[in-house]
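Colleague: I'm new to reading structures, and I'd like to learn where the words people use come from. Could you take me through one, term by term?

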Amino acid sequence: MALQSIYDIDFIQLYKTHKKRAARPKSSPDQWNQKAQAVEIGQLETPYTRAFIGAMDLTPTDTLLDVGSGSGAIAVLAAAHVNHVYALDFSQGMLDKLMHNAHHYDAHNITTLCKDWDQCWADVPQCDIVVASRSTLVDDMAGALRKLESKAKRHIYLTYPAHIKFGTAQEIDSAQTPELATPSYVYVLTILHQLGRRAQVRFISNTSSNLGKTKDVDWALIDWEV
């Protein structure tokens, strides 16, 4: 049967199929533990982090969950604007670096949680704000979005690569065979639409803190209320 409209497309399954075809080696905690050894302390403030934190609606009474926190780029810098931060990452090495960064930036309201996307989050607290910064190249986007929502009381913010060449294997020409490249951020928006959510998208550059104001953008910032 021919497609008649956008409503005939199962974007949830289409993303899974595309992501599987664009298979890149799945990251492991050991890989990120190795990367953590090279992380320098006190280098969190960048145009990206300024833009991301500036885009969020935060209050001093908020709790915040940062999923895929890494060494603390968002978790540590957001800590000054909220009551408490929970930083979740599957690399203990990165979480150790995060706590060193927290000490450097005088952030004493952070709790770390060593978990990944696929584990049970039953003991992960619900928070006012849930963030997934540069950690959303998942196999099951709808499942990940539902998991984020299960822990959010008010608002969710995530970033996803703005260009399909990001994360694509070097041997693949993303211009010639986009179906083998990283799935577009548009999938996130269409899946959210399919789930009945109204999200907005803005863009972040790695070199400018002005949201969507630069010619070259690197990340799609997608957020919605729950």
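Colleague: What makes S4 and S5 a pair?

Modeller: Two strands pair if DSSP finds at least two bridges between them, and five bridges join S4 to S5, which run parallel. The definition is therefore met. One bridge links Val-131 to Tyr-157 in S5. Strands here are DSSP runs of E with at least two residues, helices are runs of H or I with at least four, and both are numbered from the N terminus. Before we go on, two notes: this is a predicted model, where local features need pLDDT of at least 70 and side-chain atom pairs count only at pLDDT 80 or more, while totals for chains, interfaces and linings use all residues. Residues are numbered from 1 along each chain as its sequence is written, and side-chain values use heavy atoms, leaving out hydrogens and water.

Colleague: Why are S3 and S6 said to stand at the edges?

Modeller: Look at the order of the open, seven-stranded sheet: S3-S2-S1-S4-S5-S7-S6, with mixed pairing. S3 (110-114) and S6 (200-204) each have a single partner strand, so one side of each lacks a neighbour in the sheet.

Colleague: Why is Ile-156 called buried?

Modeller: Buried means under 20% relative accessible area, exposed means over 50%, and partly exposed is in between, using a 1.4 Å probe and protein chains only. Ile-156, in strand S5, has a relative accessible area of 0%, so the word buried fits.

Colleague: And why does Asp-62 count as buried?

Modeller: Its relative accessibility is 2%, so Asp-62 counts as buried too. Asp-62 is in the loop between helix H3 (47-55) and S1. Among the residues Asp-62 touches, beyond those up to four places away in sequence, are His-84, Asp-128 and Arg-154; contact means heavy atoms within 4.5 Å.

Colleague: What makes a set of residues a nonpolar core?

Modeller: The members are buried Ala, Val, Leu, Ile, Met, Phe, Trp, Tyr and Cys residues, joined through side-chain atoms within 4.5 Å. The largest such core here has 31 residues, and Val-67 and Leu-158 touch the most other members. H6 gives this core its largest share, five residues.

Colleague: How do you know how H2 and H5 pack?

Modeller: Two packed helices are described by the angle between their axes and the distance between the axes. For H2 (residues 29-36) and H5 (residues 92-104), the angle is about 35° and the axes are 7 Å apart. Axes are lines fitted to C-alpha atoms, for helices over the stretch in contact, and angles run from 0 to 180 degrees between N-to-C directions.
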